[in-house]
Amino acid sequence: MLSDSPSGQERTVTYVGGATIDGAPIAYVVVLAAVCTALAFIPFSVIVALGGSFPLSQAIFPLVGWILGPVAGAVASGIGALVGVFVAPHTAGIPVVRVAGAMVASFVAGTMRHQGQRGWWWLPTTVAGLVSLALFGGRAMVQNGVSLWAVAAGAFVDWSALLLYALPTRRVISKWLAGPSLGAVAAGLGLGTWIAAGMAHLVQSTIAYFIYNWAEDVWVMLIPVIPVENLLRCVVGVIVGTGVITGLRAIGLAEAREAVI
Amino acid sequence: MPQTIATFSNVSYVYPRSDTPALRDISLEIPKGEFLGLIGPNGAGKTTLSLMFNGIVPQFYGGRFFGAVTVAGLDTLEHPISSLARHVGIVLENPETQITATSVENEVAFGLENLKVPRDEIRARIPRVLEAVRLEGMERRHPQELSGGQKQRLAIAAVLAARPSLLVLDEPTSQLDPVGAREVFDTILELNHTLGITIVIASHAAEELAECADRLLLLAAGEIVDEGPPDEVYAQVERLEELHIRLPDITRTFYFLRRRGFSVPELPVTLTQGLAAIRPLMTRCDPTPPEANPATVRRDGDPLISVTHLSHTYPNGTQALCDISLDIHRGEYVLITGQNGAGKSTLVRHFLRLLLPTAGEVTVDGEATPDLTTSALARCIGYVAQNPDVQIFSSTVEKEVTFALHHLGLSSDKIQTRCQESLAAMGLLAVADRHPLSLPRGERARVVIAAILALEPEAVILDEPTTGQDEQGARLILDLTKQLHSAGKTVIVITHHLHLMADYAERVVVMGERTLLRDAPIRVAFHEPNLLAKTYLAPPQAVRLAQAIAHETGVAMPFLTPMELARAFTKGTAAGNS
């Protein structure tokens, strides 16, 4: 509240025209895409069976979605991941999988909302996730004869992320991220990264599984590895995210229209 | 009646997440062709006002906006920034925020290409504007290879190239050497006179504003508190000093003379006016030269820092330093000065082993820097970089100041004590819980200085510490360096704001042409204008007035400050003074 009213008439402030993607200034998209590319140089875990390594940028794709919104976030992460495939081939893996995962992580994060007109975007996203899970797990069990327990345990990150996303958890996370408490922001970043990175992993695994069809032995071996990797993404996401969010709030930079934070 | 290019009608603005208006009830008309100066202390609202001309405030920042701003007939709330940019060119304080291209010439061309200027015209304009800002010959250089001042000049060149009808500059010369600053003012004055471009410039450069501006707008706490021609605004010395606003040296000199009882009907604001006003006084009073005129600086014991035949060439082949030899002793207060790109920062980075010599040797406390670790050197020498943001990474001011202390194995009580002392010395206690990036640039610089001081190093190096500071902020920092010096610390300050250093430095190291041009006591070095000119420096206005007096009287007048100069005139010797 202002202590005394200014003499001029208050006007509605809008961003008139200008270069934006879904309300996010192009400059923001470019900067965050560049950050994603830079982090693609840093490996954080090996890819079992295929070789190569995961890029650290996977930990900030959700953050990009929260900063820019679902569409601009997906574009920034997608561009960053695509450039990263070429300039940092040691973390490229299967390029299409890498780019798709980046876009999904940011998109999912950007659709975690507790208010606004896009509150319904979670529904088709959840349906798409369910379809992906059905294709992934169904192919493993029906075509490749992998046991149910191995699929359930091996895809723990995937289905837990999908479940948490479909539940009102995503709204709670959105509130935490937008709130003033730094502790709540950190919690939101951690849990939110688990969900967004987990759903990205689901989509990536579905595509990769249709190419490699790994056997039950591989499923079993991955059971302890995948959750640890996702946890690492969450830890990095919390560390980077809290610094970035507090910094952005401190400098008072204009938010992208569809930003969650 | 001249046409107006911009109109502010009852404009108030509140940034997001703030309850306090950054600007309040601003009403203003700017006629076409006017040269308008914005003055005021840090936080007065100069930058916010500058960003309103092309709609960045409020369109980009959001927040609450009251009233109306029209530029070239366009309401800045109803027209996109891209449309307003055709009429308004803006140069920001930090050039890093507006340089995007990978070469100097591409940076200049970028804006023109976006405005669809024909290719041949772009090619014709590039050399003209680069020459205007003294960057000719650097067309192919990457902007990141330029010094801070050179980057600022490039940002100005890029905007000048588009020939906007209104040019808004926010502290454009704060990082430039005096001659560079003078050239920028000359350039924009020429654009103003020859092309009729309207100029709005926020600046602490009082002497240049006094000469160039048609009108000054004095802002304080977001409100216009005074406006008028420079001689009227600067005549209110007490009020401006209360607001911590820098005055021209000439004005202060005559203000002090008036206070000493001399008749000064109107305070001059330019050197020309000052020279005209001093002559009648000289006919009635013989100015007395200062008693102390040391030809050498006292140096005891072994040097703390010794530089022997130092040369440095960067990996891209650019030679930054050539055969420099220099000793700095414990307890000295050394000013290192020289033009932008003279190698000042490169030299001091060798003291900290942030760079290693290509040839020659640098020793600290008798040990060659390659044999010392950077952390060991950091305990001995505190370094405050030119851009404070590169040294800030914590989430609160207090955490920033205590960060390094935690790594020294100190007790919690000791850490708290040192932190509180440092924050108090820098006037930051009130913002200890704030995020450093939420503070203005001047205060961010003081956060970094506080963090360095808390370490209690033996020597402190401050690289351009007064850039972006108002008079109060600059004096706060420099007064602290004086205290450190009095306490026996070695102080090294890099700056080309020579007018600020007269009360502080003892010894001046003048660099230029990649080498050391002069190493002399301040009273000697400041009175060698030809030497200073070699490295694009100019003596402070008070020194130039003293030299004019010396020229008239034939007696050396090695004064440095307005107060010294005023004291040279004694009422008792003035016959006929009223």
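# Two chains, read from a predicted model

Student: Which residue is the bridge partner of Glu10(A) in strand 4 of chain B?

Tutor: In strand 4 of chain B, Glu10(A) has Phe66(B) as its bridge partner. Before going further, please keep in mind that this is a predicted model, where local features need pLDDT of at least 70 and side-chain atom pairs count only at pLDDT 80 or more, while totals for chains, interfaces and linings use all residues. Residues are numbered from 1 along each chain as its sequence is written, and chains are lettered from A and ligands numbered from 1 in the order in which they are written.

Student: OK, and how many bridges join strand 1 of chain A to strand 4 of chain B?

Tutor: Two bridges join them, with residues 10-11 forming strand 1 of chain A, and the strands run antiparallel. Two strands are said to pair if DSSP finds at least two bridges between them, and the elements themselves are DSSP runs numbered from the N terminus, with helices being H or I of at least four residues and strands being E of at least two.

Student: How many residues does each chain put into the contact?

Tutor: Chain B gives 32 residues and chain A gives 19 residues, where two residues are in contact if their C-beta atoms, placed from the backbone, lie within 7 Å. On the side of chain B that touches chain A, the elements giving two or more residues are strand 1 (4-14), strand 2 (23-31), helix 2 (56-60), strand 4 (64-71) and helix 3 (81-84) of chain B. Strand 1 of chain B gives the most to that side, with five residues.

Student: And what's that side of chain B like by class?

Tutor: The side of chain B that touches chain A has 14 nonpolar, 12 polar and six charged residues. In this scheme Ala, Val, Leu, Ile, Met, Phe, Trp, Tyr, Cys and Pro count as nonpolar, Asp, Glu, Lys and Arg as charged, and the others, Gly among them, as polar.

Student: Let's switch to Leu437(B), where does that lie?

Tutor: Leu437(B) lies in the loop of chain B between helix 16 (412-425) and helix 17 (441-454).

Student: What does Leu437(B) touch?

Tutor: If residues up to four places away in sequence are not counted, Leu437(B) touches Gly247(A), Ala250(A), Ile251(A) and Ile392(B). Its C-alpha atom is also separated by 8.4 Å from that of Ser395(B), which is 42 residues apart from Leu437(B) along the chain.

Student: Why does Leu437(B) count as partly exposed?

Tutor: Leu437(B) counts as partly exposed because it has 19 C-beta neighbours inside 10 Å. A residue is buried if 20 or more other C-beta atoms, placed from the backbone, lie within 10 Å of its own, exposed if 12 or fewer, and partly exposed in between.

Student: Gly247(A) made me look at helix 10 of chain A, so where is its kink?

Tutor: The kink, of about 45°, lies at Leu222(A), shortly before the proline Pro224(A); a bend is the angle between axes fitted to the seven residues ending at a residue and the seven starting there. The 36 residues of helix 10 (residues 216-251) should span 52 Å at 1.5 Å a residue, and the end C-alpha atoms are 51 Å apart, which agrees; the expected span is 1.5 Å times one less than the number of residues. Among the buried residues of this helix are Trp219(A), Leu222(A), Arg233(A) and Ile245(A), and just after the helix Gly252(A) takes a positive phi of about 65°.

Student: What about whole chains, how many helices and strands are in chain B?

Tutor: Chain B has 23 helices and 20 strands. Its radius of gyration is 24 Å, close to the 25 Å that the globule rule gives for 578 residues, so chain B is as compact as a globular protein of that length. That radius is taken over C-alpha atoms, and the globule rule is 2.2 Å times the number of residues to the power 0.38. Of the 578 residues of chain B, 51% count as buried.

Student: And how many in chain A?

Tutor: Chain A has 10 helices and five strands, its C-alpha trace spans about 75 × 40 × 30 Å along its principal axes, and 48% of its 261 residues count as buried.

Student: Last one, how do strand 11 and strand 12 of chain B pair?

Tutor: Strand 11 (residues 303-313) and strand 12 (residues 319-329) of chain B pair in the antiparallel sense over seven bridges, and they form a hairpin with five residues between them, where Gly317(B) in the turn has a positive phi of about 95°. Strand 11 of chain B also pairs in the antiparallel sense with strand 14 (residues 359-364) of chain B, over five bridges.
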